[in-house]
Amino acid sequence: MSETAMSDPPRSDTRTTIVEVAARLLAEHGEAALTTRGVAHAAGVQAPAIYRLFGDKDGLLDAVAEHVMATYVASKSATAESESEVAGDPIAELRAGWNLHVEFGLANPTLFRLLNVPGWGRQSPATTSGIEILRSRVHRVASAGRLRVSEERAVNLIHAAGTGAVLALLAMPDSERDPGLADAMYDAVSHAMLTEARAFDTREKEARDEVQAATVTFRTLVPRLSKLSDSERTLMTEWLDRAVE
C-alpha cells in the first residue's frame, strides 16, 4: 500500500468535513458561497469528491440540512426539563414542535429559504423527516379526540402556516419583526382544527365538533379492525375522510 493511500482520510471523515464546511459557508456567506468549487477548496478536497459523495449540489444541500437540523435539535438538550413537562400531552407536544420549527427557521434563514423555494419540485430528506414527525404528533392529537378535521388536513394546515409564518418574518427587517406573529398564526390554526378552540360556539356547533372529533378518532382505529378486509378498511377510511373534510 502506498504512503498516499495510507494517509487518505476515511470516506466518512471526508464527508463530515465537507458537510460542516458547507454549513459554515452557507451561514456566513449565503447561498452564493455554496458552490462545488468553493466548498471543495474550503474543505481541502478536489471538486470530484463532492460529486462522488453527494451526487450533485442538491445532494450536498440535503446533507447540510440534515446536519444543521440535527445540530440544532441537539443544542436544545438544555431544555430537556421543559420538554419533559409537555411529554404525554399531545396538544403541548404539537405546540412545542411548532415553536422549534419557527426558532430553527429564524436561526437559519438562508437554509430555510433554500429548503422552501417555491416550484423547486423536490423535498429534502430533512424536510420529509420533519413532516413525518409532525404527522405522528397530529395522529396523537387525533387519537386523544382533540382533532376536528382530518389528520391530513391538519398536517397541511400546520406545515403551510408554519412555513409561511417563518418566511414572512424573514422578509421583515429585524427591527420591524412582529414577535407575536408566529404565535398568532398558531392560535388561528389551532382554532380551526382543535376542539378545545371552540369554547364560544353555540351548543349546536359544539355538538358538531364532538361528532367531528369522534369521527377523526375512529379513523385512527380503522387499521386495527382485523376482521375487515383490506379493501373494506380502505373504503371505510375514505368514508371517514370525506365525513370530516
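At what angle do helix 9 and helix 10 pack, and how far apart are their axes? In this predicted model, the angle comes out at about 130 degrees, and the axes are 9 Å apart. Angles over 145 degrees count as roughly antiparallel and 65 to 115 as roughly perpendicular, with oblique covering what is left on that side of the scale, so helix 9 is oblique to helix 10. The crossing itself is right-handed. On the helix 9 side, the residues that do the meeting are Ile131, Leu134, Arg135, Val138, His139 and Ala142; their partners in helix 10 are Glu151, Glu152, Ala154, Val155, Ile158 and His159.

Now for helix 10 on its own. Its 20 residues run from 151 to 170 and reach 29 Å from first C-alpha to last, close to the expected 28 Å. Quite a few of its residues are buried, including Glu151, Ala154, Val155 and Ile158, and these four also turn up in the meeting with helix 9.

Just ahead of this helix sits serine 150, in the loop that links helix 9 (125-143) to helix 10. Is serine 150 buried or exposed? Its relative accessible area is 13%, and the cut-off for buried is under 20%, so serine 150 counts as buried. Beyond its neighbours within four places in sequence, this serine is in contact with Val216 and Val244.

Helix 7 (residues 90-107) makes a neat check on helix geometry. With 18 residues at 1.5 Å each, the span should be 26 Å, and the end C-alpha atoms are indeed 26 Å apart. At the start of helix 7, aspartate 89 brings a side-chain oxygen to within 3.1 Å of the backbone nitrogen of isoleucine 91. Ile91 is itself one of the buried residues of helix 7, as are Pro90 and Trp98.

How values were computed. Residues numbered from 1 in each chain as written. Predicted model: local features only at pLDDT ≥ 70, side-chain atom pairs only at ≥ 80, totals over all residues. Heavy atoms only, no water. Helix = DSSP H or I, 4+ residues; strand = E, 2+ residues; numbered from the N terminus. Expected span 1.5 Å × (residues − 1). Buried < 20%, exposed > 50% of the residue type's maximum accessible area, 1.4 Å probe, protein only. Contact = heavy atoms within 4.5 Å. Polar contact = N/O pair within 3.5 Å; in protein donor to acceptor, adjacent residues only side chain to side chain. Axes fitted to C-alpha atoms, helices over the stretch in contact; angles between N-to-C directions. Parallel < 35°, antiparallel > 145°, perpendicular 65-115°, else oblique. Left-handed = near helix turned anticlockwise from the far one by under 90°.
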